[in-house]
Amino acid sequence: MKHQLAFSIGMMSLGSFANAGDVYFQDFQGTGPFNYWSPFPITTAPSGERFLGRLANNDLAEFNVTQYTGSHALHTYTVSFDLYAIGSLDGENQLVGPDQFYFGLQNGTNFFKESFSNWDGYNQSYGGPGISGSFAPRTGATSINTLGLNEYFLDTYSGDSVYRNLSFTFQHEGEVTLRFGALGLQNKDDESFGIDNLRVSVDPVPEPASFAALGVGASVLLARRRRKNK
Ligand SMILES: [Ca+2]
Ligand SMILES: [Ca+2]
């Protein structure tokens with residue numbers, strides 16, 4: 001019986017990688033603890049939505065994917081999450097900003113760093129998935145003022161903007177610790193960011209050696225067929 005138990009546990013952990021695809025999802029609706037995250041506050045918005053945040057000046061929130069998966073091997077990682085841009089964010093404005101959110105790895109690799117604006121008249125650098133430039137406030141937002149986070153300025157210069165499903169794919173060997181941060185913000189009750197609905201997929205990377213062997217095999221087969229046809 002002991003053997004059977006060990007075997008099934010082994011298969012379960014192996015299965016999570018053999019099947020690939022989604023291995024982690026977190027919507028922060030529960031009370032936690034949220035394992036493998038660095039300690040960070042959870043906020044409940046007036047709408048009832050719970051999320052990781054608020055991130056403001058120099059705050060870092062980190063999730064250790066490797067501790068969760070237990071594998072340092074080379075994999076393709078796909079990470080997606082919802083970003084909440086909260087309060088009177090000033091986008092690209094150089095006097096009271098730029099107000100930036102960034103996402104990357106703990107080792108310093110950055111995948112995303114854009115400014116966001118909820119302030120009418122101040123543009124933001126984020127223009128949609130993969131698009132960076134100078135755009136009107138809230139460009140690319142999925143919904144506006146749905147969380148109820150507008151306590152600082154109760155007008156059109158504040159509120160909240162939800163950017164659903166920002167998605168990033170990268171290959172990495174070794175430890176993967178995701179890092180979410182904010183730069184250049186004012187007080188947290190005035191300007192901040194939140195993270196929600198984090199999804200991580202981990203897929204094996206095909207080995208170049210097996211690709212090469214497949215290629216050689218195919219060309220040998222082709223050559224044989226050609227000889228046969230002559
Ligand atoms: Ca949530
Ligand atoms: Ca600002």
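Here is a short walk through this structure, from the whole chain down to single residues.

Keep in mind as you look around that this is a predicted model. The chain is built from three helices and 13 strands. Of its 230 residues, 30% are buried. Contacts often reach across the sequence: taking pairs at least 6 residues apart, 67% of the contacts join residues at least 24 apart.

A good place to begin is an open sheet of four strands, which you can follow in the order β4-β12-β6-β7, with antiparallel pairing. β4 (60-64) and β7 (110-115) each have a single partner strand, so they stand at the edges and one side of each is left without a neighbour in the sheet. On average, neighbouring strands here are turned by 10° against each other, direction ignored. Inside this sheet, β6 (residues 100-105) and β12 are paired in the antiparallel sense through six bridges. To find one of these spots, look for Gly-104, whose bridge partner in β12 is Arg-179.

Now step along to Phe-180, which sits in strand β12, spanning residues 177-183. Is Phe-180 buried or exposed? Phe-180 counts as buried because 24 other C-beta atoms lie within 10 Å, and the cut-off for being buried is 20 or more. Leaving out residues up to four places away in sequence, Phe-180 touches Leu-55, Ala-61, Phe-103 and Ile-195. With Ala-61 the separation in sequence is 119 residues, yet their C-alpha atoms are 5.2 Å apart in space.

Ile-195 also leads us to the largest nonpolar core. This core has 37 residues, and those touching the most other members are Leu-83, Tyr-84, Ala-85, Leu-178, Phe-193 and Ile-195. Several strands feed into the core: β3 (50-55), β4, β5 (75-87), β6, β11 (160-172), β12 and β13 (191-204) each supply at least two residues. The largest share, six residues, belongs to β5. In soluble globular proteins, nonpolar side chains tend to be buried together.

Ala-85 deserves a closer look. Setting aside neighbours within four places in sequence, Ala-85 is in contact with Phe-116, Asn-118, Asp-160, Ser-161, Tyr-163 and Phe-193.

Finally, turn to a hairpin. Strands β8 and β9 form it, with two residues between them. β8 (residues 124-128) and β9 (residues 131-135) run antiparallel and are joined by three bridges. One pairing to look for is Gly-128 with its bridge partner Ile-131 in β9. In the turn, Gly-130 has a positive phi of about 75°.

Definitions and conventions. Residues numbered from 1 in each chain as written. Chains lettered and ligands numbered in written order. Predicted model: local features only at pLDDT ≥ 70, side-chain atom pairs only at ≥ 80, totals over all residues. Buried ≥ 20, exposed ≤ 12 C-beta atoms within 10 Å, placed from the backbone. Contact = placed C-beta atoms within 7 Å. Pairing = 2+ DSSP bridges. Axes fitted to C-alpha atoms, helices over the stretch in contact; angles between N-to-C directions. Core = buried A, V, L, I, M, F, W, Y, C linked by C-beta atoms within 7 Å.
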